[in-house]
Structure formats: C-alpha cells, structure tokens
Amino acid sequence: MSDGHALKQEPPALTITQVAARTGLSADTLRYYERAGLIERVARTPHGHRSDAASDLGWLEFLIRLRETGMSISRMQQYARLRSSDASATCCGEAPRRAATSLSVRSGVKPPSGKNAA
C-alpha cells in the first residue's frame, strides 16, 4: 500500500475435508465436536458449506491429545469453556488461563500455545 501500512493477511479458510485430512478426524467427528461445544461455531460460506479457520488446527490437535489420554468429552468441554471464557474476558483473562494450566498439569497434557490457546 502506498501509505506504508501492510495489509494483515487472514489465514485461508479450510473445507471440512481439508481439516479432516490434516487432523485425522472424520468429518462426522468434527461436526460432533462443534455440536458438543468443543470447537467454536464454524463460519459458513454463502452456500452453507463449512469454512474452518486454519488457525483452529492447533486447538483441534490439542483436543486429539486430550482424547488420546482417555479424557471424557465432558472434561474436554471444561477446557473448551475455559478457552472461550479466556477469549472473551477483558480484565480477568488470567484466571481462566491459570485454571486451564492447572487442568493441564493434573491431566499431563500441555495446552496449545499461541493466540487461540487457553
């Protein structure tokens, strides 16, 4: 741009087939995770097709690690709620992060790092 400001590039959106291929999860599992509240509501194209954000792959990988430990869906939902509350928290964002870290220590699973991490 001529004003010296670079445009922030959004990561490309992925289809459910692409997300399934990258994560090893089935399309049915991805849909179930959305219904169960484990992943955020997925954006849709004008034709109603899922348009997953590439940036959410780290969270899905974390959920896969939780399942590999034998963790129940209800316990995984606790992580998802903590992650969601941390993203929407303003003045008290550190409390959910500490709670997620505490859960991680007890379960032996490291939470994902990065912008969308809990």
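Helix axes here are lines fitted to C-alpha atoms over the stretch in contact, with angles running from 0 to 180 degrees between N-to-C directions. Keep that in mind for the first view; everything shown comes from a predicted model.

**View 1. Helices H1 and H2 cross at roughly 100°.** The two axes come within 9 Å of each other. Angles of 65 to 115 degrees count as roughly perpendicular, and H1 and H2 therefore fall into that class. On the H1 side, the contact is made by Ile 16, Val 19 and Ala 20, while H2 brings in Ala 27, Leu 30 and Arg 31. Sorted by class, that gives five nonpolar residues, one charged and no polar ones.

**View 2. The largest nonpolar core takes in 24 residues.** Look for Tyr 33, Leu 38, Leu 60, Leu 63 and Met 76, the residues with the most contacts inside this core. Four helices each chip in at least two residues: H1 (16-23), H2 (27-35), H3 (57-68) and H4 (73-88). H3 gives the largest share, with seven. As a rule, nonpolar side chains in soluble globular proteins tend to be buried together.

**View 3. A closer look at Met 76 and the residues it touches.** Leaving aside residues up to four places away in sequence, Met 76 touches Tyr 33, Leu 38, Leu 63, Leu 66, Arg 67 and Met 71. Tyr 33, Leu 38 and Leu 63 also belong, like Met 76 itself, to the residues with the most contacts inside the core.

**View 4. Tyr 32 and Tyr 33 make a tilted aromatic pair.** A search of the whole structure turns up three aromatic pairs, and this is one of them. The ring centres sit 6.3 Å apart, with 55° between the planes. The partners differ in accessibility: Tyr 33 is buried at 5% relative accessible area, whereas Tyr 32, at 35%, counts as partly exposed.

**View 5. Phe 62 and Tyr 79 meet edge-to-face.** Here the rings are 5.4 Å centre to centre, and their planes are 70° apart. Phe 62 lies in helix H3 and Tyr 79 in helix H4, so the pair ties together parts that are 17 residues apart in sequence. Phe 62 is buried at 0% relative accessibility, and Tyr 79 is buried too, at 1%. Bring Trp 59 into the frame as well: ring pairs link Trp 59, Phe 62 and Tyr 79 into a cluster.

Note on methods. Residues numbered from 1 in each chain as written. Predicted model: local features only at pLDDT ≥ 70, side-chain atom pairs only at ≥ 80, totals over all residues. Heavy atoms only, no water. Core = buried A, V, L, I, M, F, W, Y, C linked by side-chain atoms within 4.5 Å. Buried < 20%, exposed > 50% of the residue type's maximum accessible area, 1.4 Å probe, protein only. Contact = heavy atoms within 4.5 Å. Phe/Tyr/Trp six-rings, centres within 6.5 Å; stacked < 30°, edge-to-face > 60°. Parallel < 35°, antiparallel > 145°, perpendicular 65-115°, else oblique. Nonpolar A, V, L, I, M, F, W, Y, C, P; charged D, E, K, R; others polar.
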